[in-house]
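Open the model in your viewer and keep the selection panel at hand. The stops below say what to select and what is found there.

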Amino acid sequence: MLHKIKSIVVIALLIIVSFILQNTISVITGDLMVTPNLLIILVCVFGYLTGSNEAMVIGFFCGLLVDSFSSDIIGLNSLLYLYVGFFSGSFHRLFYKNMVMLPLAIVAAGDFIYNFGYYIIRFMLRNKLDVGFYLFKIIIPELVITVCISLLVYRFIYKVYFAVLISEEQRSKVRFD
């Protein structure tokens, strides 16, 4: 029970810190200002490490946090982050300790799914059909920056997960074939 409370507190702190950093860090590249999506990285990495159920819960709360602070539609980001958590959790069975490229590919796909879903719901349904502009000015630059940042963040989340969030019994059950 104490371990479960400790893991909930650690995950909540990771979500809050990621949200604060995401809203304060911007990378200016030429005429674009791009923000890495740290919450997508968090949801995708936890989905890859823990599975769909935990990633969907983490994604829901990440999206709810984004909705409550910066969205006029409550539930849109929660739904999109939840779907990204489900998608990334489906790769949990492919988890191997030394694999780095698969989590990066999952983060890239998750960021694309989130941004394209956001575009469809917010813009395409209101008859704003300039897909090329949104794709090349928003989706692809954010995807590139998010994947580059996830190279650094993945190892940190991986270490926190195995050092703090897994109990000794669970650690002994983890096998790497």
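**Stop 1: a loop residue**

Select Phe-91, which lies in the loop between H4 and H5. The model is a predicted one. At 23% relative accessibility, Phe-91 counts as partly exposed, because the partly exposed class lies between 20% and 50%. Show its surroundings: leaving out residues up to four places away in sequence, Phe-91 touches Tyr-48 and Ile-106. Then draw a distance from Phe-91 to Leu-79; these residues are 12 apart along the chain, and their C-alpha atoms are separated by 19 Å.

**Stop 2: Met-56**

Go next to Met-56, in helix H3. Is Met-56 buried, exposed or partly exposed? Met-56 has a relative accessible area of 24% and is partly exposed. Not counting neighbours within four places in sequence, its contacts are Leu-82, Gly-85 and Phe-86. Draw another distance, this time to Cys-44: Met-56 and Cys-44 are also 12 residues apart in sequence, with 9.7 Å from C-alpha to C-alpha.

**Stop 3: the nonpolar core**

Now colour the largest nonpolar core, a set of 41 residues. Ile-15, Phe-46, Leu-49, Cys-62 and Tyr-81 have the most contacts inside this core. At least two core residues come from each of H1 (2–24), H2 (38–50), H3 (52–70), H4 (76–89), H5 (101–122) and H6 (131–165). Which helix gives the most to the core? It is H2, with 11 residues.

Centre the view on Tyr-81. Apart from neighbours within four places in sequence, Tyr-81 is in contact with Gln-22, Asn-37, Leu-39, Ile-40, Val-43, Gly-59, Cys-62, Gly-63, Val-66 and Tyr-114.

**Stop 4: H2 against H6**

Display H2 and H6 alone. Their axes are 9 Å apart and the packing angle is about 50°, so H2 and H6 are oblique to each other. The crossing of this pair is right-handed. On the H2 side, select Leu-38, Ile-41, Leu-42, Val-45, Phe-46, Tyr-48, Leu-49 and Thr-50. On the H6 side, the contact is made by Thr-146, Ile-149, Ser-150, Val-153, Tyr-154, Ile-157, Tyr-158, Tyr-161, Phe-162 and Leu-165. Coloured by class, the contact of H2 with H6 shows 15 nonpolar residues, three polar and no charged.

**Stop 5: H2 against H5**

Keep H2 and swap H6 for H5. The axes of H2 and H5 cross at roughly 130° and come within 9 Å, which makes H2 oblique to H5. This crossing is right-handed. From H2, pick Ile-40, Ile-41, Cys-44 and Tyr-48; from H5, the residues they meet are Leu-102, Pro-103, Ile-106, Val-107, Gly-110, Asp-111 and Tyr-114. What are the classes of the residues in the contact of H2 with H5? Nine are nonpolar, one is polar and one is charged.

**Stop 6: H1 against H3**

Finish with H1 and H3. Here the axes are 11 Å apart at an angle of about 40°, so H1 and H3 are oblique to each other. The crossing of H1 and H3 is right-handed. Select Ile-11, Ile-15 and Phe-19 in H1, which meet Ile-58, Cys-62, Leu-65, Val-66 and Phe-69 in H3. The contact of H1 with H3 holds eight nonpolar residues, no polar and no charged. Ile-15 and Cys-62, both part of this contact, are also among the residues with the most contacts inside the core.

Technical notes:
Residues numbered from 1 in each chain as written. Predicted model: local features only at pLDDT ≥ 70, side-chain atom pairs only at ≥ 80, totals over all residues. Heavy atoms only, no water. Core = buried A, V, L, I, M, F, W, Y, C linked by side-chain atoms within 4.5 Å. Buried < 20%, exposed > 50% of the residue type's maximum accessible area, 1.4 Å probe, protein only. Helix = DSSP H or I, 4+ residues; strand = E, 2+ residues; numbered from the N terminus. Contact = heavy atoms within 4.5 Å. Axes fitted to C-alpha atoms, helices over the stretch in contact; angles between N-to-C directions. Parallel < 35°, antiparallel > 145°, perpendicular 65-115°, else oblique. Left-handed = near helix turned anticlockwise from the far one by under 90°. Nonpolar A, V, L, I, M, F, W, Y, C, P; charged D, E, K, R; others polar.
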